[in-house]
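Okay, everyone, let me pull this up on the screen. I'd like to talk about charged pairs first, then one helix, then a bit of the surface.

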Amino acid sequence: MPRLLYGGDYNPEQWPEQVCAEDAELMRRARVNLATVGVFAWSKLEPAPGRYEFGWLDGVLDRLAGNGISAALATPTASPPPWFGLAHPEALPVTADGVRLSHGSRDTYCASAPAYREAALRIAAALAGRYRGHPALAMWHVHNEYSSACHCELAAEAFRGWLRARHGDLDRLNEAWSTAVWGQLYTDWAQILPPRATRYLPNPAQVLDFRRFTSDELLAAYTAQRDVLRAATPGVPVTTNFVLGGWVPVDHARWAREVDLVAIDHYPADPGAGAEEEAAFAADLARGWARHGTGRPGWLLMETAPNLIYAADRMHTKEPGRMARQGLAAVARGSLGVLFFQWRAPRGGAELFHSALVPHAGPDSRVYREAVALGEQLDRIAGTAEGAVRARVAVAYDEPSAWALQAPGLPSRRLDHLDEARHAHRALWRRGIVADVIGTLGALDAYAMIVLPGHYLMSDAQAEALRSWVAAGGHLVATFLSGVADEHGRVRTGGYPGALRDLLGVRVEEFHPLGPDDRAALTTGAAGELWSETVHLAGAEAVVCYAGGVLDGRPAVTRHAVGDGVAWYCSTRLSADDHGRLLGAVAASAGVGPELEGVPRGVEAVRRHAGDRSWLFLLNHTGTGHDVPAAGIDLLGGDVVAGVVRLAVGGAAVIRER
Ligand code: GLA
């Protein structure tokens with residue numbers, strides 16, 4: 001019997017026994033089936049070096065098992081105990097400014113410090129030894145949001161080792177880093193440092209390699225723990241929670257190959273529909289990481305906020321029903337369940353007002369009642385766990401490209417690959433076209449259409465993979481700055497965008513970055529923003545031109561037929577609606593339409609498929625009711641749907657289709 005996972009982070013170590021007893025009862029009532037335990041519990045599990053206190057955790061796991069609830073058991077290594085930093089000061093992280101951080105928060109460790117790595121493996125092995133075979137143990141949750149970059153001497157030594165492996169010798173490193181600029185030629189490996197506080201602009205290639213190194217160094221810390229856990233408990237899946245954006249500085253597409261299940265934390269904070277668009281992007285990205293990493297499209301929403309969520313200067317409250325709808329939206333896009341941060345709101349600590357399924361008000365509350373209702377809903381749609389989303393469109397999001405575009409010294413400070421990827425995804429989302437967001441440009445055959453939104457870095461191999469895919473019938477849409485630099489961030493000369501020039505059939509001679517209030521008028525009547533350029537046709541045809549200004553009459557959007565496929569280029573940023581029209585037209589010519597025709601904007605429609613069975617998820621994010629075409633059985637309401645289903649304001653339906 002398939003099931004969807006439901007629950008969240010659970011911190012019984014913060015509470016007395018009678019509260020924990022009530023937790024078990026409340027979890028059962030809400031049909032919680034998975035609790036993530038022990039995430040930050042290192043100081044409670046090992047209060048002094050080598051002295052373990054597992055009794056309390058034995059009790060927690062036994063009680064969970066006794067109530068039919070599984071555990072995602074964490075290794076607590078994101079938060080070393082205070083004694084650790086005092087015993088091993090060299091294992092505390094150092095910032096780029098040379099400040100060594102102290103305990104007092106969390107995430108204070110240097111992943112290159114042997115003392116940290118050894119202590120982390122010891123506690124992971126002790127947990128694995130103790131709980132191997134425990135009936136509650138369903139999953140290992142290694143660490144939490146790996147995120148600590150360190151610039152200390154130990155990190156410097158490890159960085160040099162990593163650079164040797166990547167570049168082989170100093171000549172190649174000097175070449176890749178363009179060290180002839182500003183006299184940075186390295187003649188001995190010992191001269192190379194992590195990027196540290198320096199006089200003026202740092203070398204962007206050094207910064208980029210350091211970010212890649214940090215990602216790999218943290219990944220090595222993860223895989224070392226994973227291997228210990230796998231050896232002790234073969235068959236128990238091992239994962240760690242990924243996060244999108246700058247908070248976690250790792251290349252998730254690489255990491256996805258090393259986890260048994262892609263799990264993400266996601267906290268969309270927009271009070272309006274922006275949150276739904278953002279959540280859909282994160283979900284489609286998690287699915288892309290999973291599909292190309294673990295080889296299976298299923299992924300897990302490991303953390304999200306039930307209610308109050310930090311926005312810019314205050315927290316805002318999710319309106320009634322939104323928690324469940326957002327949870328169902330994650331399942332619609334392939335999540336294997338819905339887990340929240342967190343089960344019970346704490347009385348103190350740094351995040352004391354962060355929301356929880358059991359809020360400070362207690363179970364006699366709207367949020368807990370909604371949690372109970374969501375538990376019932378997830379039970380009713382448990383069968384969907386077998387289904388997978390099928391997407392024929394992909395949006396590429398490459399974390400190293402995002403890092404490279406954050407370098408100072410680029411033609412505009414407002415370039416942001418993540419923004420561009422989200423912009424393209426939003427344009428598709430608003431048209432109801434389901435896309436995977438992919439972090440690698442390999443295995444493209446599943447897709448009829450690929451969008452490259454400012455994919456700045458491009459290796460020869462990636463460009464070649466795209467070329468063969470287009471020639472075989474693929475429809476590519478590349479936007480400005482894609483393919484401009486090689487994998488080291490060096491510009492490819494002879495005209496932009498070097499790596500893709502032939503494929504796109506254009507040659508870009510000059511950039512014309514736009515200011516925040518500038519617009520580049522286009523022959524369609526629309527206007528571009530952020531960016532414009534001098535585009536020459538070199539095989540492609542102009543579809544839209546600039547109108548007025550220095551670029552008057554020059555190509556803005558082009559189309560190039562290549563073999564059985566087509567490569568489009570868009571040299572400016574179109575509004576979401578205009579971009580949607582372009583992407584929608586390309587998708588249609590690639591034979592891809594919206595998931596469901598006749599769906600009003602703001603209503604999300606996505607299917608999960610298993611063989612010839614399918615489940616249609618319909619989510620009404622608008623402020624009005626809508627009739628939507630569908631046929632089958634609505635698993636949430638229990639009704640037979642013969643042609644049209646009525647979605648209430650904020651309502652949802654999950655149709656088991658005929
Ligand atoms: C992250 C962390 C949690 C918690 C939440 C709060 O995702 O993993 O420990 O800090 O954010 O937003």
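So, salt bridges: searching the whole structure turns up 46 of them. Keep in mind that this is a predicted model. I'll walk you through a few.

Start with E277 and R426, whose side chains form a salt bridge at 3.2 Å, N to O. In sequence these two are 149 residues apart: E277 sits in helix α10, residues 274-293, and R426 in helix α14, residues 417-430. Buried or exposed, these two? Both E277 and R426 are buried.

Now look at E278 and R422, which also meet in a salt bridge, with 4.0 Å from N to O. E278 belongs to helix α10 and R422 to helix α14, so this pair ties together parts 144 residues apart in sequence. E278 has a relative accessible area of 19%, and the cut-off for buried is under 20%, so E278 counts as buried.

Over in the strands, there's E541 with R559, a salt bridge at 3.4 Å, N to O. E541 is in strand β20, residues 541-545, and R559 is in strand β21, residues 555-562, so here the parts being tied together are 18 residues apart. What about accessibility? E541 is partly exposed at 41%, and R559 is partly exposed too, at 28%.

Some of these charges don't come as simple pairs, either. D284, R287, R291, R333, D436 and E604 are linked up in a salt-bridge network.

Okay, back to α14, the helix that carries R426. How much of it is buried? Eleven of its 14 residues are, so the rest of the structure largely encloses it. Among the buried ones are H417, H423 and H425, along with L418, L428 and W429.

Quick check on its length: at 1.5 Å a residue, the 14 residues of α14 should span 20 Å, and the end C-alpha atoms are 20 Å apart, so that agrees.

Have a look at the ends as well. At the N-terminal end, D416 acts as a cap, with a side-chain oxygen 3.0 Å from the backbone nitrogen of L418. After the helix comes G432, which has a positive phi, near 75°.

Last stop, the surface. Which residues make the nonpolar patch of about 450 Å²? That's V181, W182, Y200 and L201. To find V181, go to the loop between α7, residues 170-176, and α8, residues 204-232.

That's my tour; happy to rotate things around if anyone wants another look.

Technical notes: Residues numbered from 1 in each chain as written. Predicted model: local features only at pLDDT ≥ 70, side-chain atom pairs only at ≥ 80, totals over all residues. Heavy atoms only, no water. Patch = residues over 30% accessible without salt bridge, like charges linked within 9 Å, V, L, I, M, F, W, Y side chains within 5 Å. Areas by Shrake-Rupley, 256 points an atom, 1.4 Å probe, with all protein chains shown as cover. Helix = DSSP H or I, 4+ residues; strand = E, 2+ residues; numbered from the N terminus. Buried < 20%, exposed > 50% of the residue type's maximum accessible area, 1.4 Å probe, protein only. Expected span 1.5 Å × (residues − 1). Polar contact = N/O pair within 3.5 Å; in protein donor to acceptor, adjacent residues only side chain to side chain.
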